[in-house]
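The following paragraphs offer a guided reading of a protein model, moving from one loop to the fold as a whole and then to its charged and nonpolar features. Please keep the structure in view while reading.

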Amino acid sequence: KQWYQRRVAITAGGNVKHRFISTTLPVVDKLVTNPQGSHVFESLWDAADLELKSRLAQGLLMKEQVLKDNTYGAIIWKKCNLKSFKMGQKGWEASEKRKKRDLQEFRELINDENDSVSNLVVKKRKVKKLKAAS
């Protein structure tokens, strides 16, 4: 991601993101089939919560053939796992939740690299205690 994509995703509040992404729903198929618009859509997708992703996916599903026939649309179709969404929304939601969890764990791991070794040992012990308690 570019620095400006990360900054927008971090600084914009949830309500602002929700409203902004919702306003793009009517033109989402045009965004996806455009070289620059597909990058904009990817940023919107990354910033969206599960509910918004579902609404975006439903909008894209209505234009399935247009997306598949377009180079950029086909890439988005694959990146957003819309085939899975079409097969069943429950499985798709589980997959999206798993992706989000894995990304969060990766970010925590990267942040841990900045810590000293002693801090990592303390954190590891805390995690073990939490797992043992649950």
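**A guided reading of the model**

Asn34 sits in the loop that runs between H3 and helix H4 (35-47). The model under discussion is a predicted one. With a relative accessibility of 31%, Asn34 counts as partly exposed, because that class covers values between the buried limit of 20% and the exposed limit of 50%. The C-alpha atom of Asn34 is separated by 9.1 Å from that of Thr71, although the two residues are 37 residues apart along the chain.

The setting of this loop is a helical chain. The protein chain contains 10 helices and 0 strands, and reading along the sequence gives the pattern α-α-α-α-α-α-α-α-α-α. Of the 134 residues in the protein chain, 23% are buried. The accessible surface amounts to about 9700 Å², and carbon and sulfur atoms account for 57% of that surface. Contacts across the sequence can be described in a similar way: among contacts between residues at least 6 apart in sequence, 58% join residues at least 24 apart.

Helix H3, which precedes the loop of Asn34, spans residues 28-32 and includes Asp29. Is Asp29 buried or exposed? Asp29 has a relative accessible area of 13% and is therefore buried, since the buried class takes in values under 20%. When neighbours within four places in sequence are left aside, Asp29 is in contact with Leu60 and Lys63.

The contact with Lys63 leads to the charged pairs of the model. Side chains of opposite charge can pair when their charged atoms come close. The structure holds 8 salt bridges, and Asp29 forms one of them with Lys63, where the closest N and O atoms are 3.9 Å apart. Asp29 belongs to helix H3, whereas Lys63 lies in the loop between helix H5 (50-61) and helix H6 (64-69), so this pair ties together parts that are 34 residues apart in sequence. The two partners fall into separate accessibility classes: Asp29 is buried at 13%, while Lys63, at 37% relative accessibility, is partly exposed.

A further salt bridge joins Lys53 and Glu96, with the closest N and O atoms 3.3 Å apart. Lys53 is located in helix H5 and Glu96 in helix H9 (residues 89-112), so the pair ties together parts that are 43 residues apart in sequence. Both Lys53 and Glu96 are buried. These two residues also take part in a network of salt bridges that links Lys53, Glu96 and Lys99.

Another charged pair is made by residues adjacent in numbering. The side chains of Arg101 and Asp102 meet in a salt bridge, at 3.4 Å from N to O. Arg101 has a relative accessible area of 46% and is partly exposed. Asp102 likewise counts as partly exposed, at 38% relative accessibility.

Helix H9 also contains Leu109, which brings the reader to the surface patches. Which residues make the nonpolar surface patch of about 370 Å²? The patch is made by Leu103, Phe106, Leu109 and Ile110. Leu109 has a relative accessibility of 48% and therefore counts as partly exposed; patch residues need over 30% relative accessible area.

A positive surface patch is formed by Lys124, Arg125, Lys126, Lys128 and Lys129. One of these residues, Lys126, has its place in helix H10, which covers residues 117-133. Lys126 is exposed because its relative accessible area is 53%, and the exposed class begins over 50%.

One point of backbone geometry remains. Most residues other than glycine have a negative phi, and most peptide bonds are trans. Where, then, is Asn81 found? Asn81 occupies the loop between helix H7 (71-79) and helix H8 (82-87). Although Asn81 is not a glycine, its phi is positive, at about 55 degrees. At 22% relative accessibility, Asn81 counts as partly exposed.

Methods. Residues are numbered from 1 along each chain as its sequence is written. This is a predicted model: local features need pLDDT of at least 70, side-chain atom pairs count only at pLDDT 80 or more; totals for chains, interfaces and linings use all residues. Side-chain values use heavy atoms; hydrogens and water are left out. Helices (H or I, at least four residues) and strands (E, at least two) are DSSP runs, numbered from the N terminus. Buried means under 20% relative accessible area, exposed over 50%, partly exposed in between (1.4 Å probe, protein chains only). Patches are made of residues with over 30% relative accessible area and no salt bridge: like charges are joined within 9 Å, nonpolar side chains (Val, Leu, Ile, Met, Phe, Trp, Tyr) within 5 Å. Accessible areas come from the Shrake-Rupley method with a 1.4 Å probe; for residues, only the protein chains shown count as cover. A salt bridge is a side-chain nitrogen of Lys or Arg within 4 Å of a carboxyl oxygen of Asp or Glu. Lys and Arg count as positive and Asp and Glu as negative; His and the chain ends are not counted. The place of a charge is taken as NZ of Lys, CZ of Arg, CG of Asp or CD of Glu. Contact means heavy atoms within 4.5 Å.
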